[in-house]
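Here are a few notes to read alongside the structure. Have it open and find each spot as you go.

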Amino acid sequence: MRLELQGLRLAYPGAGLATISDLDLVAEKGSLTALLGPSGSGKTTVMKLIAGHLSPDAGDIRLGDRSLLGLPPEKRRVAMVFQDPLLFPHLTLAGNVGFGLRLRGLPPARIAADVEAMLARVQLAGLGDRRPHQLSGGQQQRAALARALVLRPDLLLLDEPSVGVDPLSRRSPALTRASATRCAA
Ligand SMILES: Nc1ncnc2c1ncn2[C@@H]1O[C@H](COP(=O)(O)OP(=O)(O)OP(=O)(O)O)[C@@H](O)[C@H]1O
Ligand SMILES: [Mg+2]
């Protein structure tokens with residue numbers, strides 16, 4: 001879906017200058033958009049605003065034909081994958097990937113099938129019973145990607161999530177498809 005940021009502004013409380021000011025951006029449906037900028041320039045902040053983890057001081061965030069302002073993160077159909085995979089340590093890999101589907105109340109058989117297909121897509125098939133600490137760093141990052149993709153979001157935000165994924169895996173057709181079909185990053 002088409003993403004549009006209109007005159008977005010955010011000043012963190014206590015910070016002097018606004019971190020984001022008068023930001024306009026359009027990412028067309030089906031496109032891949034990269035935010036580039038030096039460390040501390042506000043890339044993560046912009047993604048948190050879109051995902052709903054922060055509220056802007058001014059401006060609008062539109063996805064398709066609706067404004068996302070006022071909607072909690074879980075109602076936005078936007079998934080964000082952070083650099084730190086943030087997996088739940090007490091859940092298995094399959095439990096982590098299926099977490100959002102369980103919150104949606106889908107039947108267990110459907111969740112199991114979706115999770116299995118997604119684990120295969122990110123090359124983690126057969127590891128579903130492992131806990132996060134039994135996975136490598138790159139495997140944990142792919143698990144975080146799978147957890148986001150399995151929800152079929154309208155928009156996928158990737159905050160440098162492939163830092164720990166080796167170049168060969170990054171180039172594999174499965175992962176290229178997994179990360180190239182969404183709108184903004
Ligand atoms: N919760 C916060 N409270 C106050 N200031 C913050 C907060 N989070 C981030 N900042 C500041 O806002 C600015 C933008 O941070 P942000 O994390 O968006 O940068 P970034 O472009 O993602 O950087 P990097 O490339 O290092 O990840 C930085 O100066 C940072 O110190
Ligand atoms: Mg950042």
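1. Start with confidence, since this is a predicted model. The protein has a mean pLDDT of 88, and 86% of its residues reach 70 or more.

2. That confidence isn't even along the chain. Among the elements of the protein, helix α2 (residues 93-97) has the highest mean pLDDT, at 98, while helix α7 (residues 173-180) has the lowest, at 43. Over residues 173-185, pLDDT stays under 50. For that stretch the model has 46 contacts beyond four places in sequence, but do keep the low pLDDT in mind when you look at them.

3. Now go to ligand 1. Which residues are around ligand 1? They are Y12, T19, P38, S39, G40, S41, G42, K43, T44 and T45. Sorted by class, this shell has seven polar residues, two nonpolar and one charged.

4. Zoom in on the oxygen atoms of the ligand. An oxygen atom of ligand 1 lies 2.6 Å from a polar side-chain atom of S39. With S41 and G42, it's the backbone you want: a polar backbone atom of S41 is 3.2 Å from a ligand 1 oxygen atom, and for a polar backbone atom of G42 the distance is 2.9 Å. On its own, ligand 1 has 640 Å² of accessible area, and the protein covers 55% of that.

5. Last stop: aromatic rings. How many aromatic pairs does the count come to? Just one aromatic pair, formed by F88 and F99. The rings are tilted, with 50 degrees between the planes and 4.7 Å centre to centre. F88 sits in the loop between β5 (78-81) and α2, and F99 is in helix α3 (residues 99-103), so you'll find the partners 11 residues apart.

Conventions
Residues numbered from 1 in each chain as written. Chains lettered and ligands numbered in written order. Predicted model: local features only at pLDDT ≥ 70, side-chain atom pairs only at ≥ 80, totals over all residues. Heavy atoms only, no water. Near = heavy atom within 4 Å. Polar contact = N/O pair within 3.5 Å; in protein donor to acceptor, adjacent residues only side chain to side chain. Areas by Shrake-Rupley, 256 points an atom, 1.4 Å probe, with all protein chains shown as cover. Nonpolar A, V, L, I, M, F, W, Y, C, P; charged D, E, K, R; others polar. pLDDT = per-residue confidence, 0-100. Helix = DSSP H or I, 4+ residues; strand = E, 2+ residues; numbered from the N terminus. Contact = heavy atoms within 4.5 Å. Phe/Tyr/Trp six-rings, centres within 6.5 Å; stacked < 30°, edge-to-face > 60°.
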